[in-house]
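Student: I am new to this structure. Could you show me how to read its features?

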Amino acid sequence: MNAAIEVEALSKRFGAVVALEDVTLKVENGRVVGFLGPNGAGKSTLMRALLGLVRSDSGEAHIAGLPYAHLPAPAKTVGAVLDIASAHPRMTARAHLHTYVALGGMDRSRVDTVLSLVGAQSYADRRIGTFSTGMRQRLALATAMLGDPDILVLDEPSNGLDPSGSAWLRTFLREFADADGAPYCSPAMCSTRLSTRSTTSSSSTEAAPSGLAHSNDS
Ligand SMILES: Nc1ncnc2c1ncn2[C@@H]1O[C@H](COP(=O)(O)OP(=O)(O)OP(=O)(O)O)[C@@H](O)[C@H]1O
């Protein structure tokens, strides 16, 4: 079975800025892995490269054994939270989710399922423009869960969450990873997480990959 996520010798420059330098990383199924690093270390660039949103200069990034662009059912394979500001402010959360369901050809019943999963039912019919940051985070996570994916790629998912929201997120990720009985281990606080679930793992791990750029201000 393929690793959930596998990155091999990935490098990316933006002009003179080296964002990723020879990053190699493997995330097995059933793990929750957090990336820690200073601002500008390359964490978001790595997430984006994994999801095919940034073209790397060299190296490979595979999800479930394939580059993202080659996944036969991407929404069912991986859910992502990268930019919580992208939802339209005049839409309700429910309308936003219905749009994504229509785009992804998913079952409409997933909307209520994911709203309940992230505890957002009470504000599902409010406009997104009125949401707090934590509410937006939950909506973004709900959107990522629409396809019932096996892998989650989350960039700073705890930003804006209050202490009880952060505790809820940790539990959510643990249960997500444990869905098939696999164990979980997470850094106490991390700004970027990859979470995967499936069947194979028998021990827990956390990792900080080498090769993320060194920030000039660190
Ligand atoms: N599209 C882009 N064009 C030019 N430079 C970019 C681009 N995207 C990222 N960078 C640069 O690449 C480096 C890594 O950025 P990235 O956003 O991946 O860091 P990060 O670790 O996620 O930072 P933070 O913790 O502040 O979110 C930074 O120096 C950033 O300015």
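Tutor: Start with one term. A nonpolar core is a set of buried Ala, Val, Leu, Ile, Met, Phe, Trp, Tyr and Cys residues joined through side-chain atoms within 4.5 Å. Keep in mind that this is a predicted model.

Student: Why look for such a core?

Tutor: In soluble globular proteins, nonpolar side chains tend to be buried together.

Student: How many residues does the largest nonpolar core have here?

Tutor: The largest nonpolar core has 32 residues. Leu97, Phe131, Leu141, Leu152 and Leu173 have the most contacts inside it.

Student: Which elements give two or more residues to this core?

Tutor: Four helices and a strand are on the list: α3 (93-104), α4 (109-117), α5 (133-144), α6 (163-177) and β6 (151-155). The most comes from α5, which gives six residues.

Student: What lies apart from this core?

Tutor: Another core, of 22 residues. Val7, Leu20, Leu46 and Val54 are among them.

Student: Let us turn to charges. What is the general idea?

Tutor: Side chains of opposite charge can pair when their charged atoms come close. For a salt bridge, the cut-off is a side-chain nitrogen of Lys or Arg within 4 Å of a carboxyl oxygen of Asp or Glu.

Student: How many salt bridges does a search of the whole structure find?

Tutor: Five. Take Arg94: Asp112 forms a salt bridge with it, and the closest N and O atoms are 2.9 Å apart. Asp112 sits in helix α4 and Arg94 in helix α3, so the pair ties together parts 18 residues apart in sequence.

Student: Which other side chain meets Arg94 in a salt bridge?

Tutor: That of Asp125, at 2.8 Å, N to O. This pair links distant parts of the chain, 31 residues apart. Asp125 is in the loop between α4 and α5, while Arg94 is in helix α3.

Student: Are these residues exposed or partly exposed?

Tutor: Compare the relative accessible areas. Exposed means over 50%, and buried means under 20%. Asp125 has 52%, so Asp125 is exposed. Asp112, at 48%, counts as partly exposed. Arg94, at 23%, counts as partly exposed.

Student: Where does a network of salt bridges appear?

Tutor: Glu6, Lys26 and Glu28 are linked in one. Within it, the side chains of Lys26 and Glu28 meet at 4.0 Å, N to O. Glu28 counts as partly exposed, at 30% relative accessibility.

Terms used:
Residues are numbered from 1 along each chain as its sequence is written. This is a predicted model: local features need pLDDT of at least 70, side-chain atom pairs count only at pLDDT 80 or more; totals for chains, interfaces and linings use all residues. Side-chain values use heavy atoms; hydrogens and water are left out. Buried means under 20% relative accessible area, exposed over 50%, partly exposed in between (1.4 Å probe, protein chains only).
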